[in-house]
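Q: Please take a close look at one part of this predicted model, the interface between its two domains. I would like a connected account of how the two sides meet.

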Amino acid sequence: MWDVDTKYRQDLEQTFARLLDKLEVLNAARPLPNIVLQNIKEAFLVEWTYNSNSIEGNTLSLRETQLVLQEGITVKGKSLREHFEAKNHEFAILKLYQLVKDDYVLNAKDILDLHGLVLRSIEDEYAGRLRNGGVRISGANFVPPNARKVSEYLDDLIDYINTNPQGLNAIELATVFHHKFVWIHPFFDGNGRTVRLVMNLLLMRYGFPPAIILANDRAKYYAALNQANNGNYAKLMLLMCQATERSLNIYLSAIPGSDKDYQAISSIVEEPEIPYGQEYVSLLARQGKIDAHKEGRNWYTTKEAVLNYIQNKGK
Ligand SMILES: Nc1ncnc2c1ncn2[C@@H]1O[C@H](COP(=O)(O)OP(=O)(O)OP(=O)(O)O)[C@@H](O)[C@H]1O
Ligand SMILES: [Mg+2]
């Protein structure tokens with residue numbers, strides 16, 4: 001029942017290849033200097049927490065999340081719960097970093113533990129516990145399975161991920177896990193935050209940096225999940241590739257001596273060698289056709305990426 005229709009592969013072949021190439025470059029550059037790694041990790045701790053909690057409805061801004069996590073400051077006008085959510089999420093990421101290793105095998109206990117950390121002191125009655133009643137997801141095109149099925153489905157899904165019968169790559173596995181997990185909806189609350197943590201365990205055991213689903217992409221993310229509920233993974237795969245690529249680019253740019261020069265598309269199209277306008281280059285970026293990533297609302301790419309695309313067009 002977990003079998004995935006892999007039709008999306010036709011469109012994403014080049015994107016997957018590019019991401020795997022980047023992973024190789026990153027792995028070859030490891031170990032990164034401690035100071036570099038420390039800086040990126042701290043930035044990710046804040047960004048990952050802000051984005052994941054914001055998708056869930058937490059109103060702390062990126063800057064406020066940073067103040068809460070790094071300075072231990074309480075933000076006026078924000079509830080205790082919102083502060084707890086930020087601290088809890090940080091704690092869960094730190095726990096996740098401890099769990100990751102090359103031969104990591106996914107298991108229910110780790111998932112429950114991470115969920116326990118996410119909801120600690122907020123919804124203690126649900127923290128780390130599978131739901132024992134029905135749930136609905138607002139805006140979703142389906143109703144999650146009966147509570148009596150949850151434990152069995154979750155075990156089956158974990159087994160599917162660990163045995164990987166369809167030979168999926170790391171990004172595909174993380175994406176399929178993400179969708180099937182929220183389809184099961186094992187918990188009364190905190191499913192989204194938990195899955196956005198656990199999917200990264202799956203990516204990180206292969207050396208990928210954690211992928212962050214941006215709060216700005218919330219509508220796109222929900223639409224992609226609805227499409228996946230209908231058996232079509234195209235949108236969700238693309239979204240996960242984009243999230244992974246953004247993180248890879250941040251890591252790769254931080255390698256000492258890196259010459260990657262990512263710039264906003266608006267300034268790339270000013271270069272005389274670039275024959276395209278901003279609309280078209282943005283479209284190529286959104287479709288995953290060129291090496292690009294999103295920061296806030298803007299897309300970033302390199303001159304080489306666009307020139308490469310022109311050179312390889314039609315091949
Ligand atoms: N149409 C959909 N189909 C499947 N899953 C969905 C759909 N819409 C949303 N979801 C998932 O359900 C999650 C919400 O579930 P829940 O409220 O338990 O999680 P949360 O962590 O409290 O909040 P959030 O997930 O919004 O951060 C979403 O984040 C998303 O992952
Ligand atoms: Mg919720």
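A: What follows describes the domain interface, and then turns to one residue in a helix.

This is a predicted model, and the domain assignment of its chain gives domain 1 as residues 9–260 and domain 2 as residues 261–315. The C-alpha centres of domain 1 and domain 2 lie 27 Å apart, while at the interface 16 residues of domain 1 are in contact with 16 residues of domain 2. Between domain 1 and domain 2 an area of about 1300 Å² is buried, and carbon and sulfur atoms give 40% of that area.

Turning to the polar side of the interface, 13 residue pairs are found in polar contact across domain 1 and domain 2, with both residues of each pair at pLDDT 80 or more. The count of salt bridges between the two domains is three, and the side chains of E295 and R246 meet in a salt bridge with an N to O distance of 3.2 Å. On the side of domain 1 that touches domain 2, the elements that give two or more residues are α1 (9–29) and α10 (234–254), and of these α10 gives the most, with seven residues. By class, that side of domain 1 has three nonpolar, five polar and eight charged residues.

For a view of a single residue, T49 is found in helix α2, which spans residues 34–56. T49 counts as buried because its relative accessibility is 1%, under the 20% cut-off. Leaving out residues up to four places away in sequence, T49 touches F44, T65, L69, A86, H89, E90 and I93.

Definitions and conventions: Residues are numbered from 1 along each chain as its sequence is written. Chains are lettered from A and ligands numbered from 1 in the order in which they are written. This is a predicted model: local features need pLDDT of at least 70, side-chain atom pairs count only at pLDDT 80 or more; totals for chains, interfaces and linings use all residues. Side-chain values use heavy atoms; hydrogens and water are left out. Helices (H or I, at least four residues) and strands (E, at least two) are DSSP runs, numbered from the N terminus. Buried means under 20% relative accessible area, exposed over 50%, partly exposed in between (1.4 Å probe, protein chains only). Contact means heavy atoms within 4.5 Å. Domain bounds come from an automatic or database domain assignment. Buried area is the accessible area (1.4 Å probe) that two parts lose on being put together, summed over both. A salt bridge is a side-chain nitrogen of Lys or Arg within 4 Å of a carboxyl oxygen of Asp or Glu. A polar contact is a pair of N or O atoms within 3.5 Å; within protein, one must be able to donate a hydrogen and the other to accept it, and residues adjacent in sequence count only if both atoms are side-chain atoms. Ala, Val, Leu, Ile, Met, Phe, Trp, Tyr, Cys and Pro count as nonpolar, Asp, Glu, Lys and Arg as charged, and the others, Gly among them, as polar.
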